[in-house]
Amino acid sequence: MKYRTILLFGAPGAGKGTQGKIIGNIPNFFHCACGDVFRSMKPDSIIGKIFLEYSSRGELVPDETTVEMWQQSIRNSTQAGRFHPETDTLILDGIPRNMHQAEMLKDTLDVKAIFFLSCPNLKKLVYRIQRRALRENRLDDANMDVIQHRLKTYVKETKPLLSFYGKELVHPIDATQSPAKVLCDILRRTTKL
Ligand SMILES: Nc1ncnc2c1ncn2[C@@H]1O[C@H](COP(=O)(O)OP(=O)(O)O)[C@@H](O)[C@H]1O
């Protein structure tokens, strides 16, 4: 069975995690952020070490490791009764993150909509990422070179995904607005799906 899915899409710092966490608290939605799954791994486990190696350089973790880990995490959430695939909509954030991952997940995800949190103001993104670094103690947010590299990786590898799914699924959302307004825009469209 394919999972009914909404993708939260956008550059690092666009606010995917902030929105995903809130929406995930609404009944019949289940939020899964791939970065959170990586960060929940023990730093001395095999995946934990691979994650630190790549994320501290601002690079994507290799696709096989990522997709396998993500699938395991979804299976665990289903078995634990947190995610009910029959009735819940999956709110995905941070995966798929390139064309290859989208291909790998083609038979797993039934993508109903992509909310593209658009923030063309680079300074704003960098400011948000640096603020988060202080709050969440994230290695990959800590220095400017890594942040720049992450933003470049997004443009080169992740943004082309928008055309993979096709523009009829893509809902642009102005992510420079306050979190409450962004949430309103997302929910207004979600209830029409
Ligand atoms: N789908 C993915 N594929 C590969 N690497 C990923 C994926 N999701 C997360 N990561 C790794 O975790 C890091 C942090 O991701 P995330 O928490 O989504 O933050 P951000 O949105 O700020 O990039 C990424 O820079 C990358 O190294």
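Strand β4 and strand β5 (residues 170–174) run parallel and are joined by 5 bridges. Within this pairing, Ile-114 of the predicted model has Val-170 of β5 standing opposite. Strand β4 (residues 109–118) also pairs with strand β1 (residues 3–10), again in the parallel sense, and here the two strands share 8 bridges. In that second pairing, Thr-5 is placed opposite Val-111 in β4. Strand β4 thus takes part in two pairings, one with β5 and one with β1.

These strands belong to a chain that contains 9 helices and 5 strands. Followed along the sequence, the elements appear in the order β-α-β-α-α-α-β-α-β-α-α-α-β-α. The radius of gyration is 16 Å, close to the 16 Å that the globule rule gives for 193 residues, so the chain is as compact as a globular protein of that length. The C-alpha trace spans about 40 × 40 × 30 Å along its principal axes. Of the 193 residues, 31% are buried. Considering contacts between residues at least 6 apart in sequence, 77% of them join residues at least 24 apart.

From the end of β1 the chain passes into the loop that precedes α1 (16–23), and Gly-13 is located in this loop. Gly-13 counts as buried because 25 C-beta neighbours lie inside 10 Å, and the criterion for burial is 20 or more. Apart from residues up to four places away in sequence, Gly-13 touches Leu-125, Arg-128 and Ile-129. Gly-15 is likewise found in the loop between β1 and α1. With 23 other C-beta atoms within 10 Å, Gly-15 is also buried, since that number meets the criterion of 20 or more. Once neighbours within four places in sequence are set aside, the contacts of Gly-15 are Leu-117, Ala-175, Pro-179 and Val-182.

Both glycines also appear in a database record. An unreviewed UniProt entry lists Gly-13, Ala-14, Gly-15, Lys-16, Gly-17, Thr-18, Arg-132 and Gln-177 under "binding site". These positions come from the record, and such annotations may be inferred rather than shown by experiment.

The model also contains a ligand, and 16 residues surround it. The closest of these residues are Pro-12, Cys-34, Gly-35, Ser-55 and Gly-94. By residue class, the shell around the ligand divides into 7 nonpolar, 5 polar and 4 charged residues. Helices α2 (34–39) and α3 (46–55) each supply at least two residues of this shell. The largest share, 3 residues, is provided by α2.

A further position for inspection is Lys-159, in the loop between α7 (144–158) and α8 (161–165). Lys-159 has 15 C-beta neighbours inside 10 Å; burial requires 20 or more and exposure 12 or fewer, so Lys-159 counts as partly exposed. The C-alpha atom of Lys-159 is separated by 24 Å from that of Ile-22, a residue 137 positions away along the chain.

Technical notes
Residues are numbered from 1 along each chain as its sequence is written. This is a predicted model: local features need pLDDT of at least 70, side-chain atom pairs count only at pLDDT 80 or more; totals for chains, interfaces and linings use all residues. Helices (H or I, at least four residues) and strands (E, at least two) are DSSP runs, numbered from the N terminus. A residue is near a molecule or strand if its C-beta atom, placed from the backbone, lies within 6 Å of it. Ala, Val, Leu, Ile, Met, Phe, Trp, Tyr, Cys and Pro count as nonpolar, Asp, Glu, Lys and Arg as charged, and the others, Gly among them, as polar. The radius of gyration is taken over C-alpha atoms; the globule rule is 2.2 Å times the number of residues to the power 0.38. Two residues are in contact if their C-beta atoms, placed from the backbone, lie within 7 Å. Two strands pair if DSSP finds at least two bridges between them.
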